[in-house]
Amino acid sequence: IGADRYMPRATVTDFDENLKYNPTADTYAAVYFEATSPDPDRYCCDSVWEVEGETVNLLAKDAAAASPMLINLGLTRANAVYRLKLTVTDGIGSTSSTVVSLTTNGPPTSGTMAVTPYRGTALQTEFEFLLDAWSDDPDDYPLTYTYGYRQQRRTKRTASGYKPEQLVPLVADQYASAWFVTTLPQAKNA
């Protein structure tokens, strides 16, 4: 009888390592897991998570919390791979571990955006938006674009004195092309 026969087992039961997760504030990835022991007479198990090689705590729950473990995607960096390690310990101190990788997505790079004309009058001037030469990982194609605007309102909560409002889309279609012509709306009175 080998010693491995009675080792506890750490198993990730639901997490897709093939996905790329967006590093977005207030968003979490769930890693479902279980700890088991082949010895029914042995206590099983204490579990502890860690993010290997990271100084920032990406865990949104206590490291010893029950399944699922939540990863705070808002604290991750774009285009990074994180190794999430689960270690389980049974009642006599035997341990085992498993590691999963969480890969984050990143924005397209190397492109340009041009708006013509540079100035105009709301509701009258047609503005042309042109996006060119943007690139990304091949599995992220086709690229999609969102055209929109933000108005600023006076506030005392920011250093500049202005706080941008939420993005208002100019095109309802999330698969807008790299070229777009429109007039812009009238600004709100402050």
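Are Phe-15 and Tyr-21 buried or exposed? Select the two residues in this predicted model: both Phe-15 and Tyr-21 are buried. Their rings form a stacked aromatic pair, with 5.5 Å from centre to centre and 5° between the planes. The structure holds two aromatic pairs, and the other is visited later in the tour.

**First stop: the sheet**

Next, display the strands and select β1, β3 and β5. These three strands make up an open sheet in the order β1-β3-β5, and their pairing is antiparallel. The edges of the sheet are β1, at 9–14, and β5, at 69–72, each of which pairs on one side only. From one strand to the next, the twist averages 35°. In general, the strands of a sheet pair through backbone hydrogen bonds, in either a parallel or an antiparallel sense.

Now restrict the selection to β1 and β3. Strand β3 covers residues 28–36, and it pairs with β1 in the antiparallel sense over five bridges. To see the register of this pairing, select Arg-9 and Thr-36: Arg-9 stands opposite Thr-36, which belongs to β3.

**Second stop: Phe-33 and Trp-49**

Keep β3 in view and add the side chains of Phe-33 and Trp-49. How are the planes of this aromatic pair arranged? Phe-33 and Trp-49 are edge-to-face, with 5.4 Å centre to centre and 75° between the planes. The pair links distant parts of the chain: Phe-33 lies in strand β3 and Trp-49 in strand β4 (residues 46–51), 16 residues apart.

Colouring by accessibility is useful here. Phe-33 has a relative accessibility of 9%, and therefore counts as buried. Trp-49, at 3% relative accessibility, is likewise buried.

**Third stop: the disulfide**

Finally, select Cys-44 and Cys-45. The structure holds one disulfide, and it joins Cys-44 to Cys-45, with an S to S distance of 1.8 Å. Which hand does this disulfide have? The torsion about the S-S bond of Cys-44 and Cys-45 is about -85°, so the disulfide is left-handed.

The two cysteines can then be examined one at a time for accessibility. Cys-44 has a relative accessible area of 29% and is partly exposed, because a residue is called buried under 20% and exposed over 50%. Cys-45, at 14% relative accessibility, counts as buried.

Terms used:
Residues numbered from 1 in each chain as written. Predicted model: local features only at pLDDT ≥ 70, side-chain atom pairs only at ≥ 80, totals over all residues. Heavy atoms only, no water. Pairing = 2+ DSSP bridges. Helix = DSSP H or I, 4+ residues; strand = E, 2+ residues; numbered from the N terminus. Axes fitted to C-alpha atoms, helices over the stretch in contact; angles between N-to-C directions. Disulfide = S-S within 2.5 Å. Buried < 20%, exposed > 50% of the residue type's maximum accessible area, 1.4 Å probe, protein only. Phe/Tyr/Trp six-rings, centres within 6.5 Å; stacked < 30°, edge-to-face > 60°.
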